[in-house]
Amino acid sequence: MLEASLYFIQQLLNGLTIGSTYALIAIGYTMVYGIIGMINFAHGEIYMIGMYISFIAISGLTMLGVEYLPLLLLFTLAISMFISSTYGWAVEQVAYRPVRGGNRLIALISAIGMSIFLQNYVRIAQGSRDIAMPSLIQGGWSFGPPEGFQATLSYMQLIIFIATFVTMTGLTLFIARSRMGRACRAVSEDMKMAGLLGIDTNRIISLTFIIGAALAAVAGLLLGLYYGVTNPYVGFIAGLKAFTAAVLGGIGSIPGAMLGGLILGVTESMTSAYFSSEYKDVVSFGLLVLILLFRPTGLLGKPEVEKI
Amino acid sequence: MKEKFVPALIAGIVTLILAFPLLGLNLVADGLSLVIEGADAKTLRYIVFAALAVFLFQLFKEKLGGIVSSIPLPRKAYGQASVVSQAQRDKRERLFTIIVVALALIWPFFASRGNVDLATLVLIYVMLGLGLNIVVGLAGLLDLGYVAFYAVGAYSYALLHQYFGFSFWVCLPLAGLLAATFGFILGFPVLRLRGDYLAIVTLGFGEIIRILLNNWTHLTGGPNGIGNIPKPSLFGLEFGRRAKEEGNVPFHEFFGIDYSSSYKVVFLYLLALLLVLLTIFVIRRLTRMPVGRAWEALREDEIACRSLGLNRTVIKLSAFTLGASFAGFAGAFFSARQGFISPESFTFIESAIILAIVVLGGMGSQLGVILAAIAMTVLPELAREFQEYRMLMFGLMMVLMMVWRPQGLLPMKRRHMELAND
């Protein structure tokens, strides 16, 4: 009995870890969708690029002699967020801005093209094989009887929880309190009206892409440290999962993306633990279909009214 | 000039920021740890060159634009050319079609084996493109999991043959039917969704099918796939050296000619051509029928259609199911041609390629889709040394196409009459 519940707790912890990173990526989808109503298909690739940049930054800084771990991680985070944001900004400038205002499908196809382009760009630049990095943060706390099954909360998992929590709080405060955040909300409410009232909507849209990409980079660094492995193809499936999380929570809603990410992560880890790890993707896509069927607005989303 | 300089400089610097970390610093495993190696001088030079190019382009963008737009384009003069009547246009079109079909029929007997084989592959993509064209081009439903129906078709032939010994000709309609059923089952619940949700759900469905094929090992063979799928026969005449099934006669023995493996290749080509012609014919007819018109009307304005009393679920479902069935036919033919299938052939990239064919050709336009399928399949074969850059170019092309010419190379033209303008 104790063993079974410890096993359950372990799966819950694993699920919450993955889920909180899904939530970080999902925010990029949900913010962009909330403002310009398009699915930024290339967002998963931005996360993948964030992971690569983190690996490059960690290796480079170690070679330069930065040994103190918190400093190393902080520098890496800053570099990775900066470069990924530049990617997010550039992608919007090149691929989405010129097609904005047209048919939705055109923007989506452009985004798919961008996703394929970025994936192959990284493949050509860094090779298609897995790149592994030795884990920097080891150890953790174990619970339970020493002879039986032990549930472990590793330090890395704790760091992921804390980093996600801090980022989310920061973002929520930014959106709720700051001038720019207010402009963001205004633009997502009514872009034309916000423009008439003197908000530079183009700048706000760029900002949305930059924030989304920066959060994806945080997720990239955290998951890169957690898994220790990356390849150019991780972005596709992670992006899909994060999108599922965004839809699950209600696309356009930031708390919804957080909730959706956590639910999806837990569902996945439970599926792999009690059913079969091969079918965990099937279960999460099945969940997406069910949500869209029975509650298209998601858990926390507002129903969309179509005006003629 | 001065106000342009700063944005251009920023664009150049951004290019450097984007390109340098990923291209200029390579991660290399050194024992257990990772180290960074600087790229060779050539790559670095390319990066600087790219940044300079972006800078200069941004600086002189408007001047360049002026030069490009000042080039006179050949334009159809209004009123001068005599108005071609619909009857005349139909006649020309028919003549053109007959010539093209005749050439396509005769050509393989004089061409090399490899080329005919490539042409067969092109025809499979033409068929897939035409099928997806119904869904995306005509009905305006973005389907990112089209390859799932292709996989269903391919696996239905392979499995029905493996377990029940059905022949290709029995399986071909069954494959179409099964794929259509899958399309129906998927479409029924999800077609109520708005465009971009639909895209993601179909993408998820495509992944689900691939994962199932990969993991349902005792039925599908998992990642090892299914081999020894027989080629189609011509009224019981087989194209192998010896007949595999009892009662069948090899083609060359029946006609008393020497065995040659190219008969099989040409036969497959002709079969594919036949299927493609059938597809074109069916779709052409459909677009002139009420249901075809309803597809396009629904694509243009859903709310208007509903207020005119069209049942959008039925219309969308018909497009989705029909599109799926063509993928099923193409899939059955694909597995017969390959003789071996595995889930590797049905990844998302395949869906993206088919979508790119439709988009590049011009959504809704049949001729455009055919030409795009030829271009997308033949060009990579011609440029084999650029194989590595194929997908890169392909993604870039999708973006550029959407930015510059979202309607495609040969956009669909409605049949219409023109009144003389004087």
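Author: Let's start with contacts: two residues are in contact if their C-beta atoms, placed from the backbone, lie within 7 Å. What you have here is a predicted model, where local features need a pLDDT of at least 70, side-chain atom pairs count only at pLDDT 80 or more, and totals for chains, interfaces and linings use all residues. Residues are numbered from 1 along each chain as its sequence is written, while chains are lettered from A and ligands numbered from 1 in the order in which they are written.

Reader: Okay, so among contacts in chain B between residues at least 6 apart in sequence, what share join residues at least 24 apart?

Author: In chain B that share is 76%. For chain A, residues 24 or more positions apart account for 75% of the contacts with a separation of 6 or more.

Reader: Before going further, what pLDDT does chain B average?

Author: pLDDT is the predictor's confidence in each residue, from 0 to 100. Chain B averages 82, and 86% of its residues score at least 70. Confidence in chain B bottoms out in helix α10 (residues 251-255), at a mean of 65, and is highest in helix α14 (residues 312-338), at 91. Residues 76-81 of chain B have a pLDDT below 50, and beyond near neighbours in sequence this stretch has 4 contacts in the model. Where pLDDT is low, the predicted coordinates shouldn't be read in detail. As for the complex, the predictor gives an ipTM of 0.84 and a pTM of 0.86.

Reader: How many helices and strands does chain B have?

Author: Helices (H or I, at least four residues) and strands (E, at least two) are DSSP runs, numbered from the N terminus. Chain B has 17 helices and 4 strands; chain A comes to 11 helices and 4 strands.

Reader: What radius of gyration does chain A have?

Author: Take it over C-alpha atoms, and use 2.2 Å times the number of residues to the power 0.38 as the globule rule. With 308 residues, a compact globule would come out near 19 Å; chain A has 20 Å, which agrees. Along its principal axes, the C-alpha trace of chain A spans about 65 × 50 × 40 Å.

Reader: And burial: what percentage of the 308 residues of chain A count as buried?

Author: A residue is buried if 20 or more other C-beta atoms, placed from the backbone, lie within 10 Å of its own, exposed if 12 or fewer, and partly exposed in between. In chain A, 50% of the 308 residues count as buried, and in chain B it's 40% of 422. For single cases, B:I226 has 21 C-beta neighbours inside 10 Å, so it counts as buried; its place is the loop between α9 (217-220) and β3 (237-238) of chain B. B:P380, in helix α16 (residues 366-382) of chain B, has 17 such neighbours, so it counts as partly exposed.

Reader: What does B:I226 touch?

Author: Leaving out residues up to four places away in sequence, B:I226 touches B:A158, B:Q162, B:T220, B:G221, B:F340 and B:I341.

Reader: How far should helix α4 (residues 104-126) of chain A span?

Author: The expected span is 1.5 Å times one less than the number of residues. For the 23 residues of α4(A) that is 33 Å, and the end C-alpha atoms are 33 Å apart, which agrees. This helix has 19 of its 23 residues buried, so it is largely enclosed by the rest of the structure. Just after α4(A), A:G127 takes a positive phi of about 85 degrees.

Author: Now look at helix α6 (residues 146-164) of chain B: its 19 residues should span 27 Å, and its end C-alpha atoms are 27 Å apart, which agrees. Here 14 of the 19 residues are buried, so α6(B) is largely enclosed too. Just after α6(B), B:G165 takes a positive phi of about 70 degrees.

Reader: How many residues has the largest nonpolar core?

Author: A nonpolar core is a set of buried Ala, Val, Leu, Ile, Met, Phe, Trp, Tyr and Cys residues joined through C-beta atoms within 7 Å. The largest has 203 residues, with B:M127 and B:I357 making the most contacts inside it. Helix α8 (residues 201-227) of chain A gives the most to this core, with 17 residues. Setting aside residues up to four places away in sequence, B:M127 touches B:L275, B:V276, B:T279, B:F326, B:F329 and B:A330.

Reader: Last one: how many residues of chain B are in contact with chain A?

Author: There are 46 residues of chain B in contact with 50 of chain A. Elements giving two or more residues to chain B's side include α1 (2-24), β1 (25-30) and α17 (390-404) of chain B. On that side α8(B) gives the most, with 13 residues. For classes, Ala, Val, Leu, Ile, Met, Phe, Trp, Tyr, Cys and Pro count as nonpolar, Asp, Glu, Lys and Arg as charged, and the others, Gly among them, as polar. Chain B's side has 37 nonpolar, 6 polar and 3 charged residues.
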